[in-house]
Amino acid sequence: MSRIGQLVMAAAAGISLPLAAHTKDLNVSGTLDGTTAIIALEGNVGDYYSGHLQPGKAEVYIFAPNATDKRLLARGSGGSERTHFVAATDEPQLEVVGAKGTDYEIILTRRTPNGSQAAPTHELRSPKLQQTLTALQAGANSDAFWTDVSAQGTPLIEHVDGRTLMTFLYRGAANNVRLLGGPSSDHDWLARLGDSDIWYKTYEVPEETRLSYRLAPDVPRFDGNPRDQRMAILATAAADPLNHAPWPKTAPSRWQQWSTVSLENAPVQPGFPLKGSETQELTSESFASDILGNRREITFFRSENFSPDANDAVLLFMFDGPRAIAEMQIPQMLDRLTASQAIPPVAAVFIDPIDVAHRGAELPGNPDFSAFLAQELLPRALQHFGMEHDRTRTVLAGASYGGIGSTNAALDQPQSFGNVISLSGSYWWAPKGAASDNGLSYVANRLIESDLSEEIRFFIGAGRFETSTTGHYEIRETSRQLHAVLQAKGVESHWCEYDGGHDSFVWRGGYGDGLIALFGDCARVCDDSE
């Protein structure tokens, strides 16, 4: 499309485009007039785009002209959403879809790659790949291998001398493939098998492993710092096309989907599988906070057997609410667990983080956010459900930043919250300027110094794979450390270690485990041993 054509299209969509013919920055804004807005991007196939989208309640897609395989870039959460993508064709376009009157802003930086990130080599541990390499060296092609793998599904699972080998595979990348998730938190590289179209990475894993992952082929290389280079992985990451267990199945595209693995001995996740159950009891409202000076969406849920007069009813506050609802399907899980009487009736409040910036500023440890929970949101929830407050039946639950946030908020407001479910808590975090000289995390030291005059009960979970080759961000070890400190102080703390990683496919079961441990039959799900 010509530059004149771009300007005409932009005018029709009610937006403006930069005047410079070869600018690498895009900053457009507009208001939807009841029709879809099409934004033509300058650039060519392979160009890398990164930035922020502020779509209001609109959805933003990237697609090639006349293409049907659209990629959702922003869900219309109302906040700022980060984005990374690579143009699959010349003259890529953005599509903004939403209600009339919706304001939006799109801020992008375009980089022209100067090659692809280079992949390393790996030890060849898989017997099947060893056999395949021998056949390739004898003149065969890879078709028979891929036919077999496609029928079996990926990743490849092999049992060798009492060990379980898990091999991730990708077909046809030109220069590299990266693994997101899996048995590593380091975005590992796949290696190429000879000069074939087979890319692979093999791990030895426990027989109880459960995990989700994505594959990122041909990650672009460009001038930028190491973090920028690492974030470029998100531009091409998507579900594994040969995996037979995509999750969630209703994701809008493969870029919003994960591939999953649950080995035969993986523990049962309470409340799952859902077997197609649907939950209707969800009510959302826009909630303004005077303490924080912002507004976010809050979603209320009550289990089918909930009664505000029930003495054993649990009031659950869950962080990262949209993800918990749409991806982890926590409301449906709660319905199943309460219906089976594995846990008492539940009233739940799902809290939207607004966007990445607010999440990072509020969740890890922010006294104002804790005050918002106790002084503003808790009274609203009690009013909505018609309940009387009982701190011993009130629980904060979250994962990652939400995990550490649950602990800090309960310590800040113990008169309001008497229970914590922390999954993969980011206990490596500390406030700016805080230092520790005893090798313990900030929160662990905070617990040591606290008198805990109000009883708080804890469920703490983390993944066996939540370690790092650099020694930083050791979520597994800092979580175990926290559990040990709690036990040393005589505080009720339940510990579960999962054969998985930093992974919402694992967390969805962890939330059920935590609720059962705190309010049901602990012996069914948790191991308090060190």
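**Exercise 1. Place Glu91 in the chain and describe its backbone and its exposure.**

Step 1. Glu91 sits in the loop between β6 (81-86) and β7 (93-97). The model used here is predicted.

Step 2. Check the backbone. Glu91 is not a glycine, yet its phi is positive, about 55°.

Step 3. Check the surface. Buried means under 20% relative accessible area, and exposed means over 50%. Glu91 has 34% relative accessibility, so Glu91 counts as partly exposed.

**Exercise 2. Do the same for Ser424. Is Ser424 buried or exposed?**

Step 1. Find the loop. Ser424 lies between β22 (419-423) and α10.

Step 2. Read phi. Ser424 also is not a glycine, and its phi is positive at about 50°.

Step 3. Apply the cut-off. The relative accessibility of Ser424 is 2%, so Ser424 counts as buried.

**Exercise 3. Locate two cis peptide bonds and the loops that hold their prolines.**

Step 1. Take the bond from Thr154 to Pro155. This bond is cis, with omega near 0°. Pro155 belongs to the loop between α3 (143-152) and β9 (156-160).

Step 2. Take Trp247 and Pro248. They are joined by a cis peptide bond with omega of about -10°. Pro248 belongs to the loop between β15 (246-247) and β16 (258-262).

**Exercise 4. Describe how helix α10 packs against helix α11.**

Step 1. Know what to look for. Two packed helices are described by the angle and the distance between their axes.

Step 2. Read both values. Helix α10 covers residues 442-449, and helix α11 covers residues 475-488. Their axes come within 9 Å and cross at roughly 5°.

Step 3. Classify the angle. Angles under 35 degrees count as roughly parallel. Therefore α10 is roughly parallel to α11.

Step 4. Name the residues in contact. From α10 come Val443, Ala444, Leu447 and Ile448. From α11 come Gln481, Leu482, Val485 and Leu486.

Step 5. Sort them by class. The contact of α10 with α11 has seven nonpolar residues, one polar residue and no charged residues.

**Exercise 5. Repeat the analysis for helices α2 and α3.**

Step 1. Read the geometry. The axes of α2 (residues 127-137) and α3 come within 10 Å and cross at roughly 155°.

Step 2. Classify the angle. Angles over 145 degrees count as roughly antiparallel. So α2 and α3 are roughly antiparallel to each other.

Step 3. Name the partners. In α2 they are Lys128, Leu129 and Thr132, which meet Phe145, Asp148 and Val149 in α3.

Step 4. Sort them. The contact of α2 with α3 has three nonpolar residues, one polar and two charged.

**Exercise 6. Describe the second largest cavity. Which helix gives the largest share of its lining?**

Step 1. Start with the search. Rolling a probe the size of a water molecule over the atoms shows where empty space is left. The whole structure has two cavities of 30 Å³ or more.

Step 2. Read the volume. The second largest cavity has about 50 Å³.

Step 3. Look at the walls. Among the lining residues are Arg296, Phe319, His358 and Phe369.

Step 4. Trace their origin. Helix α7 (residues 356-362) gives the largest share of the lining, three residues.

Step 5. Sort the lining. Five residues are nonpolar, one is polar and four are charged.

**Exercise 7. Sum up the whole chain.**

Step 1. Count the elements. The protein chain has twelve helices and 24 strands.

Step 2. Look at burial. Of its 530 residues, 55% are buried.

Step 3. Look at contact range. Take the contacts with a separation of 6 or more. Residues 24 or more positions apart account for 74% of them.

Terms used. Residues numbered from 1 in each chain as written. Predicted model: local features only at pLDDT ≥ 70, side-chain atom pairs only at ≥ 80, totals over all residues. Heavy atoms only, no water. Axes fitted to C-alpha atoms, helices over the stretch in contact; angles between N-to-C directions. Helix = DSSP H or I, 4+ residues; strand = E, 2+ residues; numbered from the N terminus. Parallel < 35°, antiparallel > 145°, perpendicular 65-115°, else oblique. Contact = heavy atoms within 4.5 Å. Nonpolar A, V, L, I, M, F, W, Y, C, P; charged D, E, K, R; others polar. 1 Å grid on protein atoms, 1.4 Å probe; cavity = no way out; pocket = protein on both sides within 12 Å on 5 of 7 lines; lining within 4 Å. Points joined across faces, edges and corners; volume = space filled by probe spheres on them. Buried < 20%, exposed > 50% of the residue type's maximum accessible area, 1.4 Å probe, protein only.
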